[in-house]
Amino acid sequence: MKKLARQLDCVLIKPAGPDCNMACRYCFYLPKHRLFSDSPVHRMNTDILERTVRQLMQHGGPSVVFAWQGGEPTLMGVEFFKQAVELQRRLGHAGQTVGNGLQTNGLLIDDGWCRFLHEARFLVGLSIDGPEPVHDHYRVKSGGQPTWKQVVSAAKRLLKAGVEVNALTVVNDLSAQSPRETYAFLKDLGLRHMQFIPCLERDPQEPNIPAPFSVSPAQYGAFLCELFDCWMNDFEDGQPTTFVRWFDSVFAAYVDVPAPECTLMAECGTYLVIEHNGDVFSCDFYVEPEWKLGNVLRDNLVDLLNSPQQARFGRRKAELARACHECRWLTHCRGGCPKERLGVALAAQPSHLCEAYQTFFQHADGRLRALADDWRRDRLAPVAAPGFTSRTPAAGTRPGRNDPCPCGSGRKYKRCCGASASLTDSG
């Protein structure tokens, strides 16, 4: 049977390329400067912006998502994003909905940015690694200056303005040691929607081993278990009061709903990355010559998404080690992100974090199954009950962008587990 073509419904855009006003010591994207060495400053021009928006609006489905990342996308200035929103309005078609997500380090967020982000209904992902000593250990400016106070100020300003904000926290060798403190800090700050990304980068001298700042499998497993306990302890009347993206995504597999997070899908390649110069790549973590698909100025994005090269990229995630096929947790973790395979790129080998995932599922499986049983029981009830309820679409289908999220948060899918700002992390 011929495989159905993938629909173009999401692009991840890097309008300022790898440029950033921070110099996080664990950042994987700053070194991408070497791919764009023709200029020291990288900015998307109006022509590339218009071509990108036009293609997604005119060839996309009824709901489309623009995920703006970097580097640091706010370096473009707020007028650039006002122009993008105006293009979206002008080039869309009747009944089409648009989601915009902005991943930012927060340093440039002022009242003007807050007004725009609120009025344009952007979902903001704010990079913040936890309490001050943890955050400032790695997340610094080029001269080593700390950034925590500025980021906390940005969080408060955004929340006060009514902007929807998710915390994006990198779990590194240091932050992994304080899951409860970090969780409590984010919650107390008012960031009740959280995404935790394991820091795993290759050592520049020994590419088959992790860099020193990477989280170890044992650390990450313990972190996930303790974080899960915090999350569960905050349930009220069967409902979560905080929302941890990975737990919400994992739960989807327990109720036979496709996971909204690409790392938990059977294959990769469900979205495209567009760099500042229009170059299109397979994935945020694979912006490199081998996985360059084309350029938005000369190629059709739908064709690139369904190209043999992108299909090959997507299939290689499913080429798993024998140990993965024999593992009881495969349908829940799907082998993790291919980036976690530290040997030959995308080779059929277990994730470096396999031990962490096994530790987590052994710890959380019983409670996740109980939540799933409650969810199924509530779905069969004649009146929708609280908890993981009938607000979720039928098993085996992906919720629409405006459907209630399957995690039970009460938010629309596009504002929760389907949040465009959380596809991947660029720091």
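Where is the place of Asp256? In this predicted model, Asp256 sits in the loop that runs between α8 and β8, the latter spanning 272–274. The backbone there does something a little out of the ordinary: phi of Asp256 is near 60 degrees, a positive value in a residue other than glycine. A second backbone detail turns up at Gly70 and Gly71, which are joined by a cis peptide bond with omega at about 15 degrees. Gly71 also belongs to a loop, this one between β2 (63–68) and α2 (78–91).

Back to α8, the helix at one end of the Asp256 loop. Helix α8 covers residues 245–254 and packs against helix α13, residues 354–380. The two axes are 9 Å apart, and the packing angle is about 65 degrees. As for handedness, α8 and α13 make a right-handed crossing. On the α8 side, the residues in contact are Trp246, Phe247, Val250, Phe251 and Tyr254. Their partners in α13 include Tyr357, Phe360 and Phe361, then Asp365, Leu368 and Arg369, and further along Leu371, Ala372, Trp375 and Arg376. Sorted by class, this contact brings together twelve nonpolar and three charged residues, with no polar ones.

Another helix pair is made up of α6 (residues 179–189) and α7 (residues 217–233), whose axes come within 9 Å and cross at roughly 40 degrees. That angle is why α6 counts as oblique to α7. Here, too, the crossing is right-handed. From α6, the contact involves Pro179, Arg180 and Tyr183. Across from them in α7 are Phe223, Glu226, Leu227, Asp229, Cys230 and Trp231. The class count for α6 with α7 is six nonpolar, no polar and three charged residues.

What about the empty space in the model? The second largest pocket has a volume of about 510 Å³. Its lining is made of 19 residues, and those nearest the centre are Phe28, Lys32, Glu201, Arg202 and Lys339. Over the whole lining of this pocket, twelve residues are nonpolar and seven are charged, while none is polar.

Closed-off spaces are present as well: the count comes to four cavities of 30 Å³ or more. The second largest cavity holds about 110 Å³ of space. Of the 14 residues that line this cavity, Cys262, Cys268, Tyr271, Cys283 and Cys337 lie nearest its centre. Which classes make up the lining of the second largest cavity? Nine of the residues are nonpolar and five are polar, and no charged residues take part.

Methods:
Residues are numbered from 1 along each chain as its sequence is written. This is a predicted model: local features need pLDDT of at least 70, side-chain atom pairs count only at pLDDT 80 or more; totals for chains, interfaces and linings use all residues. Side-chain values use heavy atoms; hydrogens and water are left out. Axes are lines fitted to C-alpha atoms, for helices over the stretch in contact, and angles run from 0 to 180 degrees between N-to-C directions. Helices (H or I, at least four residues) and strands (E, at least two) are DSSP runs, numbered from the N terminus. A crossing is left-handed if the near helix is turned anticlockwise from the far one by less than a right angle, and right-handed if clockwise. Contact means heavy atoms within 4.5 Å. Ala, Val, Leu, Ile, Met, Phe, Trp, Tyr, Cys and Pro count as nonpolar, Asp, Glu, Lys and Arg as charged, and the others, Gly among them, as polar. On a 1 Å grid over the protein atoms alone, a cavity is a set of points where a 1.4 Å probe fits but cannot get out, and a pocket is an open set with protein on both sides within 12 Å along at least five of seven lines; lining residues have an atom within 4 Å of a point. Grid points are joined across faces, edges and corners, and a volume is the space filled by probe spheres set on the points. Angles under 35 degrees count as roughly parallel, over 145 as roughly antiparallel, 65 to 115 as roughly perpendicular and the rest as oblique.
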